[in-house]
Amino acid sequence: FDLLFAVMASLREDIHITKEDQERINSFAKLNSKLKEVEADIANKKKGLENYEFLEDELLLLDDDTEFPYYIGESYINLSRTECEDRMQNDRQDINSKLSKLQEKCTKISTEMAILKKRLYSKFKDNINLDE
């Protein structure tokens with residue numbers, strides 16, 4: 001809750017903070033923390049998709065009759081090129097689905113934060129700093 005302390009420290013004038021104000025500040029801090037987590041998850045998913053694209057390009061360069069080790073759970077199994085491509089396509093679809101949900105979550109959190117930010121700035125004006 002570093003943001004909360006920064007908010008409280010940035011109050012320059014003697015302004016009365018109600019319980020509702022404090023709850024809004026706390027909610028904003030929690031949402032900000034959650035947003036950072038979701039953005040990190042989005043970055044990880046995008047990196048995973050890039051890795052799959054790279055692997056698909058590499059598969060094209062190899063022989064069709066070669067078996068490839070494919071990581072499932074905690075072990076590797078050997079798959080044919082076709083099976084490997086099919087699994088990779090399914091995995092990419094799964095990642096894209098999760099990525100879409102994370103982006104929706106990010107948008108929802110950002111919207112909630114914007115509403116709280118507007119309310120807090122309308123009351124505290126430049127006596128509060130909610131920017132990073």
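Buried means under 20% relative accessible area, exposed means over 50%, and partly exposed is anything in between. Keep that handy while we go through this predicted model.

Q: Is L55 buried, exposed or partly exposed, given its relative accessible area of 41%?
A: L55 sits in helix 2. Its relative accessible area is 41%, and partly exposed is the class between under 20% and over 50%. So L55 counts as partly exposed.

Q: How many helices and strands does the chain have, and in what order do the elements run from the N terminus on?
A: Let's start with the overall layout. The chain has three helices and two strands. Reading from the N terminus on, the order of the elements is α-α-β-β-α.

Q: What percentage of the residues of the chain count as buried?
A: The cut-off here is a relative accessible area under 20%. The chain has 132 residues, and the share of them that counts as buried is 27%.

Q: Among contacts between residues at least 6 apart in sequence, what share joins residues at least 24 apart?
A: Here we leave out pairs that sit fewer than 6 places apart and look at how far along the chain the rest reach. The share that joins residues at least 24 apart is 64%.

Q: What is the volume of the largest pocket, and which residues are the closest to its centre?
A: The largest pocket has a volume of about 260 Å³. It is lined by 14 residues, and the closest to the centre are L55, P69, Y70, C84 and M88.

Q: Which element supplies the largest share of the lining of the largest pocket?
A: Three elements each give at least two residues to this lining: helix 2 (19–60), strand 1 (68–72) and helix 3 (81–124). The largest share is five residues, and it comes from helix 2.

Q: How many residues in the lining of the largest pocket are nonpolar, polar and charged?
A: Now sort that lining by class. The count is eleven nonpolar, one polar and two charged residues.

Q: How far apart in space are L55 and M88, C-alpha to C-alpha?
A: L55 and M88 are both among the residues closest to the centre of the largest pocket. In sequence they are 33 residues apart, while in space, C-alpha to C-alpha, the distance is 8.8 Å.

Q: Is D21 buried or exposed?
A: D21 is found in helix 2. Its relative accessibility is 3%, which is under the 20% cut-off, so D21 counts as buried.

Q: Which residue forms a salt bridge with D21?
A: Leaving aside neighbours within four places in sequence, D21 is in contact with H16, L120, K123 and F124. One of these has a side chain that makes a polar contact with the side chain of D21, at 2.3 Å. With the closest N and O atoms 2.3 Å apart, the salt-bridge partner is K123.

Q: Why does the pair of D21 and K123 tie together parts far apart in sequence, and how many residues apart are they?
A: K123 is partly exposed, with a relative accessible area of 36%. The salt bridge joins D21 to K123. Since D21 lies in helix 2 and K123 in helix 3, the pair ties together parts whose separation in sequence is 102 residues.

Q: Which residues are linked with D21 in a network of salt bridges?
A: The structure holds eight salt bridges. Some of them join up into a network, where D21 is linked with R24 and K123.

Q: How far apart are the N and O atoms in the salt bridge of R92 and E56?
A: R92 is partly exposed at 21% relative accessibility, and E56 is partly exposed at 23%. The pair links distant parts of the chain, with R92 in helix 3 and E56 in helix 2, 36 residues apart. Their side chains meet in a salt bridge with an N to O distance of 2.6 Å.

Q: Which residue forms a salt bridge with E23?
A: E23 is partly exposed, with a relative accessible area of 40%. Its partner counts as exposed at 61% relative accessibility. Both lie in helix 2, four residues apart, about one turn of the helix. The closest N and O atoms are 4.0 Å apart, and the partner is K19.

Q: The backbone oxygen of which residue lies 3.2 Å from a polar atom of the side chain of R81?
A: R81 lies in helix 3 and counts as buried at 11% relative accessibility. Leaving aside neighbours within four places in sequence, its contacts include L60, D63 and F68. The backbone oxygen at 3.2 Å belongs to L59.

Note on methods: Residues numbered from 1 in each chain as written. Predicted model: local features only at pLDDT ≥ 70, side-chain atom pairs only at ≥ 80, totals over all residues. Heavy atoms only, no water. 1 Å grid on protein atoms, 1.4 Å probe; cavity = no way out; pocket = protein on both sides within 12 Å on 5 of 7 lines; lining within 4 Å. Points joined across faces, edges and corners; volume = space filled by probe spheres on them. Nonpolar A, V, L, I, M, F, W, Y, C, P; charged D, E, K, R; others polar. Buried < 20%, exposed > 50% of the residue type's maximum accessible area, 1.4 Å probe, protein only. Polar contact = N/O pair within 3.5 Å; in protein donor to acceptor, adjacent residues only side chain to side chain. Contact = heavy atoms within 4.5 Å.
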